[in-house]
Amino acid sequence: FGWSVSVDGDTAVVGAIYADVGGNWHQGAAYVFYRDQGGPDAWGQVAKLTSADGAAEDHFGESVSVNGDTTAVGANLADVSGTTDQGAAYVFYRDQGGTDAWGQVAKLTSADGMEDDFFGMVVSVSGSTALAGAPGSDVGGDPWQGAAYVFYRDQGGADSWSQVVKLTAADPTW
């Protein structure tokens, strides 16, 4: 608990990559707290976030970011379609499934993901834009150059999050 943290106004999100979930060792979780829950300036837990498709050793909560009613959570060791440690990031909205319930609305993955990319090691969300870092991403045939992926909300439909660009350094080094 406390592996990663993010705060926006009266909402805080805390990652716990070693949380066991439903018998899955180190699947990971993220916890949402609101200020003034249980008294003035008390921070009370209001939700525990987990991925809908979580598995052992995903490390969900490796990174967290909250902005308004949206939070992003990285799971850098998640396997994607059989690709080991490709990584993923998950987007949650407040009031999905009820008042103050935080429901998963999207799973983000890179269009060119490969084994050991560790996508989701870092995430950031602001408004209708999300970024996810993949430090193990190969670029131009060079291993471990790293990349960041930009996703926009409402691309391809309401509340659909889609990759719009892959960011890489002009002068990569390893």
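**View 1. Leu 167, a partly exposed residue of strand S12.** With 40% relative accessibility, Leu 167 counts as partly exposed, because that class lies between the buried limit of under 20% and the exposed limit of over 50%. This close-up, like the others here, comes from a predicted model. Leu 167 belongs to strand S12. Leu 167 also helps to make a nonpolar surface patch of about 370 Å², together with Leu 131, Tyr 152, Val 164 and Val 165. Which strand gives the most to this nonpolar patch? Strand S12, residues 161-167, does, with three residues.

**View 2. The open sheet S9-S10-S11-S12.** Here you can follow four strands in the order S9-S10-S11-S12, with antiparallel pairing in an open sheet. S9 and S12 are the edge strands, and each of them pairs on one side only. On average, neighbouring strands of this sheet are turned by 20 degrees against each other, direction ignored. Look next at S9 and strand S10 (residues 129-134), which pair in the antiparallel sense over five bridges. To find your place in this pairing, start at Val 122, whose bridge partner in S10 is Gly 133.

**View 3. Two aspartates in the loop between S11 and S12.** Asp 154 lies in the loop between strand S11 (147-153) and S12, and Asp 159 lies in the loop between S11 and S12 as well. What is phi of Asp 154 near? It is near 70 degrees, a positive value in a residue other than glycine. Asp 159 has a positive phi too, near 60 degrees, and is likewise a residue other than glycine. For the surface view, Asp 154 is partly exposed at a relative accessible area of 44%, and Asp 159 is partly exposed at 33% relative accessibility.

**View 4. The open sheet S5-S6-S7-S8.** Another open sheet is built from four strands in the order S5-S6-S7-S8, and the pairing is antiparallel. Why is one side of S5 and one side of S8 left without a neighbour in the sheet? Strand S5 (60-67) and strand S8 (102-108) stand at the edges, and each has a single partner strand, so one side of each stays free of a neighbour in the sheet. Neighbouring strands in this sheet are turned by 25 degrees against each other on average, direction ignored. Within the sheet, strand S6 (residues 70-75) and strand S7 (residues 88-94) pair in the antiparallel sense over six bridges. One pair to pick out is Thr 70 with its bridge partner in S7, Tyr 93. As you trace any of these strands, keep a general rule in mind: in a regular strand the side chains alternate between the two faces of the sheet.

**View 5. Ser 110 in the loop after S8.** Ser 110 sits in the loop between S8 and strand S9 (122-126). Is Ser 110 buried or exposed? Ser 110 is buried, because its relative accessible area is 5% and buried means under 20%. A polar atom of the Ser 110 side chain lies 3.2 Å from the backbone nitrogen of Gly 113.

**View 6. The hairpin of S1 and S2.** Strand S1 (residues 4-8) and strand S2 (residues 11-16) pair in the antiparallel sense over five bridges. Asp 8 has Thr 11 as its bridge partner in S2. The hairpin has two residues between the strands, and in this hairpin Gly 9 takes a positive phi near 60 degrees.

Methods: Residues are numbered from 1 along each chain as its sequence is written. This is a predicted model: local features need pLDDT of at least 70, side-chain atom pairs count only at pLDDT 80 or more; totals for chains, interfaces and linings use all residues. Side-chain values use heavy atoms; hydrogens and water are left out. Two strands pair if DSSP finds at least two bridges between them. Axes are lines fitted to C-alpha atoms, for helices over the stretch in contact, and angles run from 0 to 180 degrees between N-to-C directions. Patches are made of residues with over 30% relative accessible area and no salt bridge: like charges are joined within 9 Å, nonpolar side chains (Val, Leu, Ile, Met, Phe, Trp, Tyr) within 5 Å. Accessible areas come from the Shrake-Rupley method with a 1.4 Å probe; for residues, only the protein chains shown count as cover. A salt bridge is a side-chain nitrogen of Lys or Arg within 4 Å of a carboxyl oxygen of Asp or Glu. Buried means under 20% relative accessible area, exposed over 50%, partly exposed in between (1.4 Å probe, protein chains only). A polar contact is a pair of N or O atoms within 3.5 Å; within protein, one must be able to donate a hydrogen and the other to accept it, and residues adjacent in sequence count only if both atoms are side-chain atoms.
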